[in-house]
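Student: I've got a two-chain model open and I'd like to talk through the words people use for it. Can we take them one at a time?

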Amino acid sequence: MRRILVMGATSAIAEATAREFARRGDALLLVGRSAERLRAIADDLKLRGAAMAEFRVLDARDIDAYPGLLDDATRVLGGLDTALIAHGTLSDEVSCQTSVATLLDEFRINALSVMALCTHLANRFEAQNRGVIAVISSVAGDRGRQSNYAYGSAKAAVSAFTSGLRQRLYTKGVRVVTIKPGFVDTPMTASFKKSFLWASPAAVAKTIARAMIRGTPVVYTPWFWCLIMAIIRFIPERVFQRLRL
Amino acid sequence: MTPQRMSWGRWPRHEHHVFSLSNRFAPLPVFDSMLPYGNGRSYGDVCQNDGGHLLVTRGLDRFIAFDPASGVLDCEAGVLLSEIIDLVLPRGWFPMVTPGTRFVTIGGAIANDVHGKNHHRAGSFGNHVLDFDLLRSDGSVLRCSRDVNREWFAATVGGLGLTGLILRARIQLRPVPGPWIGGDSLRFGSLNEFFALSTASDAGYEYTVAWIDCAAAGRNLGRGVFMRGNHVPASGWEPNGRSLRMPLTPPLSLINSVSLRLFNQLYFHRPGARLDNAVWHYRPFFYPLDSVLEWNRIYGPKGFFQYQCAVPQQGAEEALTEMLRRIAKSGLGSFLAVLKLFGHVPSQGMLSFPRPGATLALDFPNRGPVTLALLESLDAITRDVGGAVYPAKDARMSSVSFKQYYPAWKEFARYVDPHFSSSFWRRVTEDMK
């Protein structure tokens, strides 16, 4: 049985992934901002087979609370060996261009808080010589584009950070999984026009759960984003600067 | 606006604004015209709201509570019947009533007051709903049951999503010994034989239904295959649950008078049409069509109509004979044709379709005016005998027909939320003002 901390548990991708683990009989501690929504998700996960589903209310910006949260999680779950870090916001690019305060706040939520939590988890998992840290980054972090480089650069920081962390912990039996979803049809992306490129949270969650169980280093989901981003990364900057992506 | 979110008949095609719901504690968005949209399994335009908003409920898919001692399940409105079965069947429970597809949401099952092969015993879906929460556009949430807000309960069961948004519901399940159904499959040569078989079987069998050959004429008119079954303890190989998928929409309907005759001839004479003491897994027994996902694409880009009527037992044989004669003569039918006797359990909703008598359901590829003319001529028979047509299957009944079939519509209209509407509702009440 895995003992899993889910950060940002009310996000559609996190909830769908938690169901995958509930089905396998794992124990989960859900963290998010809305008590009523967390309670509804926890009740659902218990009925779907979770050995345990508890929740804690915490704003991810409250970085100082992380050590206490991890102590609490270890106590409640009877140990801690898996973490899924899924909190985040889809920054409004225009607001980030006109307000530096917004830019910094978005960076704090999408990058700094993730790096801080990863650091705490890494030190604990390193000491116990096992564990899985899975982090939801994004294909947007693979290259900065004019349409969302505030969000993209925060996700790029997460991708680079987890890449280094993965190397550091490899010999310690701890696996770090960087997840790069493409377009997923969630409340976060409700205002976008949907095309054939869009995937459901349930489909993405299956890939994420499998990657976490196997310890896959980097996973694009759906898989074809691996090809799309390879092409986008390959475009020379001299050409890329003229594009409107 | 997006042309997606079609109904199962893929006709008519409307443009909608789509708004996805995922939080049952959130207030309703503020739109002029909204309609809840579950999993899109109703056929015509009861799940369509041309030019308005659709509130997509599939994101409300959480289980809330399940008591394995009493078989009472509490869940959000966007949960599918298939998800409920996966949860409760391993613990010995099954829905009291299931329609011919398990890919319907609970909200949709209530809003259309769906029925199944056990109507003669259990009535329709609304008979087993204990209570639900209804969110209105004024922000109020009404807990509705047979005891509290009874009139809202009666308006919302079979209320086609027009009275507000169902957030969650509590339903009563039934105990079963496992996933198996035991029974027989029997050929019958005429409607007269069907009525005799059905009447004789309804006492001893919980589930009865017949497939009818709508291409057969002359002395073969009214022939078909009758199936009956009960939940039985058995063991066997579970089907692997994998499904095929219709990969694309062919440019023309694959169903025409030639393929129909050929298929029906083979289906009627296949060895499996005559089985004694057979044991079926519940999936092929209840949901034969669910094994091909998106089978509705077979009718091509113009989609199809379904016609389902119920006619009173008195005079049913004559009315159905005349309908089958007209359908066979037209050559416009399809192999999906189903006949069943409804029982006497009273439906709960003001606009509920199930009523005592015989019900006939058939698919018709959309060939434009000739199909519409045929369906209107069937409506003339249904009206004459005091029957009704099922709104969940309808894309074309006239306002006059609707008002005759559902005389309670005027009373029902008082419960329609001022910000809720549907293409169906506007169509059948257009001359209301």
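**Where the chains and helices meet**

Tutor: Sure, and keep in mind that this is a predicted model. Start between the chains: eleven residues of chain B are in contact with eleven residues of chain A.

Student: What makes a residue of chain B count as being in contact with chain A?

Tutor: The cut-off is 7 Å between C-beta atoms placed from the backbone. On the chain B side, strand β4 (residues 63-67) gives the largest share, four residues. By class, that side of chain B has six nonpolar, three polar and two charged residues.

Student: Now the helices. Why are α5(A) and α6(A) called roughly parallel?

Tutor: Helix α5 (residues 100-128) of chain A and helix α6 (residues 149-170) of chain A pack at about 10°. Angles under 35 degrees count as roughly parallel, and therefore α5(A) and α6(A) get that name. Their axes are 9 Å apart.

Student: Which kinds of residues make up the contact of α5(A) with α6(A)?

Tutor: There are 15 nonpolar, two polar and three charged residues in it. Among them are Leu103(A), Phe107(A) and Val114(A) from α5(A), and Tyr151(A), Phe161(A) and Leu165(A) from α6(A).

Student: Over in chain B, why are α5(B) and α8(B) called oblique?

Tutor: Helix α5 (residues 191-201) and helix α8 (residues 316-330) of chain B cross at roughly 135°, and their axes come within 10 Å. The roughly perpendicular range is 65 to 115, and roughly antiparallel needs over 145. An angle of roughly 135° fits neither range, so α5(B) and α8(B) are oblique to each other. The crossing is right-handed, too.

Student: Which residues meet there, in α5(B) and α8(B)?

Tutor: Leu191(B), Asn192(B) and Phe195(B) come from α5(B), and they meet Glu317(B), Leu320(B) and Thr321(B) of α8(B). That makes three nonpolar, two polar and one charged residues in the contact.

Student: What are the domains that chain B is divided into?

Tutor: Domain 1 of chain B covers 63-176, while domain 2 takes in 187-232 + 248-395. Their C-alpha centres lie 25 Å apart. In the contact, domain 1 of chain B and domain 2 of chain B take part with 25 residues each.

Student: Which helix gives the most on the domain 1 side?

Tutor: That's α3(B), with four residues. Both α3 (119-122) and α4 (150-156) of chain B supply at least two residues of that side. By class, the domain 1 side has seven nonpolar, 14 polar and four charged residues.

Key: Residues are numbered from 1 along each chain as its sequence is written. Chains are lettered from A and ligands numbered from 1 in the order in which they are written. This is a predicted model: local features need pLDDT of at least 70, side-chain atom pairs count only at pLDDT 80 or more; totals for chains, interfaces and linings use all residues. Two residues are in contact if their C-beta atoms, placed from the backbone, lie within 7 Å. Ala, Val, Leu, Ile, Met, Phe, Trp, Tyr, Cys and Pro count as nonpolar, Asp, Glu, Lys and Arg as charged, and the others, Gly among them, as polar. Domain bounds come from an automatic or database domain assignment. Axes are lines fitted to C-alpha atoms, for helices over the stretch in contact, and angles run from 0 to 180 degrees between N-to-C directions. A crossing is left-handed if the near helix is turned anticlockwise from the far one by less than a right angle, and right-handed if clockwise.
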